[in-house]
Amino acid sequence: MMDCLEGVFKRRSIRKFTEEPVYDKEIEILLNSAISAPSPHNEQPWEFLVLKEKALIEKLALKLKDEYIRSGKANEKKAEKSYSIIASAKVIIIGFLNTKKLKNDSYSEKIMGIQSLAAAAENVLISANCLGLGAHWRAIPLVRPDIFLDMFKIPNHFEPQWMILIGRPGESPKNKFLQKEGIFHFNEWA
Ligand SMILES: Cc1cc2nc3c(=O)[nH]c(=O)nc-3n(C[C@H](O)[C@H](O)[C@H](O)COP(=O)(O)O)c2cc1C
């Protein structure tokens with residue numbers, strides 16, 4: 001188990017996974033991390049779909065590939081690359097906003113619900129890193145909620161926000177540049 005801050009600072013998106021398994025005990029830690037996130041009024045406006053079966057993960061990857069090509073959003077090569085990354089994940093966690101848990105239907109409550117899901121996602125990513133797993137966030141459930149709601153027969157008041165692909169890391173990304181100049185303002189906006 002790595003140091004807490006190292007878990008934050010060394011987190012990177014991992015898009016290549018080895019064939020090694022991810023264990024149920026690790027999945028449990030990731031899910032507990034997700035639900036440990038803060039939420040407004042502690043309403044915990046989330047539910048999660050966890051895909052562990054290889055055949056199901058491949059089926060989703062194929063469906064997304066077909067949709068990419070059909071919609072004209074990606075050519076065959078790009079869609080194939082996306083397919084192979086998604087299909088190689090050992091676990092996929094999909095985060096849903098349960099709109100029935102929101103305090104009211106105001107804009108701010110909706111955004112706070114979405115922010116809670118984002119906090120849950122980051123907890124999963126950091127915990128995955130702490131466990132020595134690789135993971136990355138994908139936006140496709142937000143962009144094409146219909147695919148996820150249809151495929152898994154999920155009621156419409158659940159709004160898919162993200163999916164996180166998880167496996168054992170098969171790559172070590174290069175250091176990334178962090179913009180630090182001019183973005184922190186202490187005591188005054190200067
Ligand atoms: C809201 C959000 C959506 C993202 N969507 C995708 C995505 O659809 N596909 C992908 O490969 N990475 C996605 N990412 C990961 C970013 O590309 C990645 O975090 C960024 O390039 C910085 O790299 P790092 O995570 O290694 O620090 C997303 C990240 C966030 C926060």
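Q: What span should the 24 residues of helix α5 (residues 107-130) have, and how far apart are its end C-alpha atoms?
A: The expected span of a helix is 1.5 Å times one less than its number of residues, where helices (H or I, at least four residues) and strands (E, at least two) are DSSP runs numbered from the N terminus. For α5 this gives 34 Å, and the end C-alpha atoms lie 35 Å apart, which agrees. This is a predicted model, in which local features need pLDDT of at least 70, side-chain atom pairs count only at pLDDT 80 or more, and totals for chains, interfaces and linings use all residues. Residues are numbered from 1 along each chain as its sequence is written.

Q: Which residues of α5 are buried?
A: An α-helix has 3.6 residues a turn, so residues three or four places apart point the same way. A residue is buried if 20 or more other C-beta atoms, placed from the backbone, lie within 10 Å of its own; in α5 the buried residues include Gly113, Ser116, Leu117, Ala120, Ala121 and Val124.

Q: Why is strand β4 (residues 158-167) described as largely enclosed by the rest of the structure?
A: Burial is counted residue by residue, and 10 of the 10 residues of β4 are buried, so the strand is largely enclosed.

Q: Which strands pair with β4, and over how many bridges?
A: Two strands pair if DSSP finds at least two bridges between them. Strand β2 (residues 91-98) runs antiparallel to β4 and is joined to it by eight bridges, with isoleucine 94 opposite methionine 163, while β3 pairs with β4 in the antiparallel sense over five bridges, tryptophan 137 having isoleucine 164 as its bridge partner.

Notes
A residue is buried if 20 or more other C-beta atoms lie within 10 Å of its own, exposed if 12 or fewer, and partly exposed in between; C-beta atoms are placed from the backbone.
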